[in-house]
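Visitor: I am new to this structure and would love a close look at a single part of it. Could you take me to the largest cavity and the elements around it?

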Amino acid sequence: MARRVCNFGASIFSEMTALANQHQAVNLGQGFPDFPCPEFLKQAAMNAIRQDINQYAPANGRLNLRESLAKKLQEHYGYTVDPATEITVTHGATEAIFAAILGLVDPGDEVILFEPYYDSYVPSVEIAGGVPRYYTLRPPDWSIDPGELAPLFSERTKLLILNTPHNPTGKVFSKEELCLIADLCRKHDVIAMVDEVYEHIVFDGFRHQLLAALPGMAERTVTISSLGKTFSVTGWKVGWAVARPELTNAIFRGHQFIVFAGVAPLQEAAATALISTDEYYRELTMMYQSKRDFLLEALRAAGLKPIVPRGTYFMMVDISDLGFPDDVAFCRYLTTEIGVAAIPPSAFYHDPVDGSRLARFAFCKSQSTLEAAAERLQKLASR
Ligand SMILES: Cc1ncc(COP(=O)(O)O)c(C=O)c1O
């Protein structure tokens, strides 16, 4: 085994899913919907295959998907993108992240990351030879202290990775925070890569904001998103990176030799999905807000202390008062004794201690799954 991968252990998701299956626990661990995707998307994918859109897609993605994406960015965010030169369609957001990091980070370059983080960021940076520098978001509000963030920037900083709405905290970065990050990136000539896969799951009247749309940021921002969370098709792995031509060129060079091209018929179906009306996105948000509220109540009724998420389909719970040595011990107990699986977030920190007083629950589940979890969680209250 090569040195570059030998420290990448098995993911915590595989371990918790195996434990959940073994104990027939209700799985609120992994972040994928257990309900069907919209019927119109299934039809669009089947039609694409029947129409024989079954050969290689162009390496940067099918033109009609790039055009739908540009139209959506214009209509939703008033952000103008050239579909010919500023979009790379990728194999999910994960490949976009990898291609962008490979295309932009040289060995020795520093990369600023907010932790807890999505688990592919650090391995991608390390494979590129980059050096991660961490900003730790702290509960309960996960806010940014400018005095702590600014010193992370230096002349070696090449890239900052931001995820908003943020997995696993449910934080939606505020306009002020985005402006602060933008100011620092401009001042230090740093590129920002923003992972926005939960852009349409934002609650309580808040709205997702594009970092790229802030003054002076379009030319230094890579905006990454995908179809999976917004259309309940996490298995399709259709994603994209949007950036000005110079950055797109760098991302494309990595992408062409990672996968060359994405899955043609699913790209065709994605083009249909992205011309969805505002009504679709509103209903999605309302559905997830009601699931969030249901899980909040269930966790509180079980005597737990959930931290209210403003976006995504994840919820963190403060477990510091419960008397467990750490998050892994709590999640194992919850899975094996209570019958509900959650994820120990220490896996999302470079120092696991910072996540050891938390547990992450996913609420991208059908009402019956959430009700079954709520019923089992009652056992915790009487513990
Ligand atoms: C923050 C974040 N980024 C990226 C991804 C992966 O997206 P995709 O399935 O499109 O690769 C996930 C999935 O859990 C995520 O939570």
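Guide: Here is a walk through the cavities and then the sheet beside the main one.

This is a predicted model, in which local features need pLDDT of at least 70 and side-chain atom pairs count only at pLDDT 80 or more, while totals for chains, interfaces and linings use all residues. Residues are numbered from 1 along each chain as its sequence is written, and side-chain values use heavy atoms, with hydrogens and water left out.

A cavity here is a set of points, on a 1 Å grid over the protein atoms alone, where a 1.4 Å probe fits but cannot get out. Grid points are joined across faces, edges and corners, and a volume is the space filled by probe spheres set on the points. Two cavities reach 30 Å³ or more.

The largest cavity holds about 60 Å³ of space. Its lining, meaning residues with an atom within 4 Å of a point, consists of Leu69, Lys72, Leu73, Glu196, Glu199, Thr223, Ser225, Trp240 and Val242. Two or more lining residues come from each of α4 (63–77), β7 (221–226) and β8 (238–242); helices (H or I, at least four residues) and strands (E, at least two) are DSSP runs, numbered from the N terminus. The most come from α4, which gives three. By type, the lining has four nonpolar, two polar and three charged residues (Ala, Val, Leu, Ile, Met, Phe, Trp, Tyr, Cys and Pro count as nonpolar, Asp, Glu, Lys and Arg as charged, and the others, Gly among them, as polar).

Now for the sheet. It is open and has seven strands in the order β2-β8-β7-β6-β5-β3-β4, with mixed pairing (two strands pair if DSSP finds at least two bridges between them). At the edges stand β2 (87–91) and β4 (131–136), each with a single partner strand, so one side of each has no neighbour in the sheet. On average, neighbouring strands are turned by 20 degrees against each other, direction ignored.

The strands β7 and β8 run antiparallel and are joined by four bridges; Ser226 has Gly239 in β8 as its bridge partner. Helix α4 packs on the sheet, where it touches β2 and β8, and its direction makes about 115 degrees with that of β2. Contact means heavy atoms within 4.5 Å; axes are lines fitted to C-alpha atoms, for helices over the stretch in contact, and angles run from 0 to 180 degrees between N-to-C directions.

Technical notes
1 Å grid on protein atoms, 1.4 Å probe; cavity = no way out; pocket = protein on both sides within 12 Å on 5 of 7 lines; lining within 4 Å.
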